[in-house]
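Here's a quick briefing to read alongside the model. Have the sequence and the 3D view open as you go.

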Amino acid sequence: MTHFTLSHTTAANGVQLYTLRNHTGMRVTISNLGASMINWWAPDRYGREADVLLGFADVQQYQHNPAYFGAIVGRWGNRIAAGRFNLDGVAHQVDCNEGENHLHGGVEGFHRQLWQVQPDPEGLRLMLVSPAGQAGFPGTVMASVLYRLDDEGQLRIDYTATSDAATPINLTSHAYFNLNGGASDIRDHIIAIDADAYLQVDAKLIPVGRAEVAGSAFDFRQPAPIGPRLDWPDPQLKLAGGFDHCYCLRSEREPAPGEGRIAQALREVATVYEPGSGRELRVSTTEIGLQFYSGNFLSGVEGRGEQPYAIHDGFCLEAQSYPDQVNTPLCEAVILRPGQVYRQTTAYRLGVRD
């Protein structure tokens, strides 16, 4: 049986902090600003607690959050080339907030909105209404996120959304992890990803095609440390400054061109182990894609410590649809239409390896 407690505190400007705690004392703090994961306190193999998330020292800094620390991003996570797409014969232009591209919902995306907290006996539920035209997207979207922490150290995130008009949607969590609690960077972390292929990108980090991982730096079908792979002379790593690529996860079946979203089974798709602390993160999702980001743009970002973050101080595993999928033959699978319900589940389980 799962037991949890929920407490909350109030900060300035309407920002609230909520803490989920399980029976072992593990604690996850979430803010209504961006529905963001702020802290995740967990023990190492010796019982010593550390916060395994990157973030800011002051909760008010999340009002800007250009790094998207811990946030739920939407209504489109990842990139849309030139911020343009066609939907039912109508051309749409959305915010271009990363050079010529749209990224993570735009300047005023879900990560900068105050979500409403709704009572829920299972955990912490946050709701958001995104009006038609926000960031240039059509349709008014009602989004919901339910965070649940169980006694086994699993933080499950259940997403739902509806819209009154057809609109692209692709929600994900942008939590940055460092399983050694920030004692060093992530180069010693050992990662495994259950994928035979990934999406190669151009210089603007827009996918240009699928490639097999076999024989490349991107092959994590067997666990491998991140650091040595970052040093491989791979042109894709040079383009992105490290890993910032979407993996095509093994699934029962991908949608076919013109087909709508397919419900995938919740299955484990990645693990990350940090030898020094013994902490292990296991990721499960219902999505077809997993963006592995190795913190390539963290250099100089002011965080919790006395020194700014440096490159590769944290990693993200963002479960989602494919980047720029709205501009591919698989576009219908990322369109939410009236009467439909978008559903997504991703779970992060944190424990200690024996």
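What follows covers the overall build, then the nonpolar cores, then the cavities.

Keep in mind that this is a predicted model. The chain runs to 354 residues, and its radius of gyration of 19 Å agrees with the value near 20 Å that a compact globule of that length would have. Strands and helices are split as 27 strands and two helices.

**Overall build**

- Along the principal axes, the C-alpha atoms fit a box of roughly 60 × 50 × 40 Å.
- Of the 354 residues in the chain, 57% are buried.
- Take the contacts between residues at least 6 apart in sequence: 64% of them link residues at least 24 apart.

**Nonpolar cores**

- The largest nonpolar core counts 62 residues, and Trp40, Tyr147, Ile193, Tyr247 and Phe292 have the most contacts inside it.
- Strand S13, spanning residues 141–149, is the top contributor to this core, giving five residues.
- Phe292 is worth clicking on. Leaving aside residues up to four places away in sequence, Phe292 touches Ile191, Ile193, Phe220, Ile226, Phe243, Asp244, His245, Tyr247, Phe315, Cys316 and Leu317.
- Two of those partners, Ile193 and Tyr247, also appear in the list of residues with the most contacts inside the core.
- There's also a second, separate core of 15 residues, with Leu54, Tyr176, Tyr293 and Tyr309 among them.

**Cavities**

- How many cavities of 30 Å³ or more does the structure hold? There are three.
- The largest cavity holds about 90 Å³ of space.
- Around the largest cavity you'll find Pro255, Arg261, Ile262, Gln264, Thr286, Glu287, Ile288, Ser321, Gln325, Ala333 and Val334.
- Sorted by class, that lining comes out as five nonpolar, four polar and two charged residues.
- The second largest cavity has about 50 Å³ of space.
- Its lining is made up of Gly74, Arg75, Gly105, Glu108, Gly109, Phe110, Ser130, Gln134, Ala135 and Phe137.
- For the second largest cavity, the class split of the lining is three nonpolar, five polar and two charged.

**To wrap up**

- For a first look, start at Phe292 in the 62-residue core, then move to the largest cavity, where Arg261 and Glu287 are among the lining residues.
- After that, turn to the second largest cavity, whose lining includes Arg75 and Glu108.

Definitions and conventions
Residues are numbered from 1 along each chain as its sequence is written. This is a predicted model: local features need pLDDT of at least 70, side-chain atom pairs count only at pLDDT 80 or more; totals for chains, interfaces and linings use all residues. Side-chain values use heavy atoms; hydrogens and water are left out. A nonpolar core is a set of buried Ala, Val, Leu, Ile, Met, Phe, Trp, Tyr and Cys residues joined through side-chain atoms within 4.5 Å. Buried means under 20% relative accessible area, exposed over 50%, partly exposed in between (1.4 Å probe, protein chains only). Helices (H or I, at least four residues) and strands (E, at least two) are DSSP runs, numbered from the N terminus. Contact means heavy atoms within 4.5 Å. On a 1 Å grid over the protein atoms alone, a cavity is a set of points where a 1.4 Å probe fits but cannot get out, and a pocket is an open set with protein on both sides within 12 Å along at least five of seven lines; lining residues have an atom within 4 Å of a point. Grid points are joined across faces, edges and corners, and a volume is the space filled by probe spheres set on the points. Ala, Val, Leu, Ile, Met, Phe, Trp, Tyr, Cys and Pro count as nonpolar, Asp, Glu, Lys and Arg as charged, and the others, Gly among them, as polar. The radius of gyration is taken over C-alpha atoms; the globule rule is 2.2 Å times the number of residues to the power 0.38.
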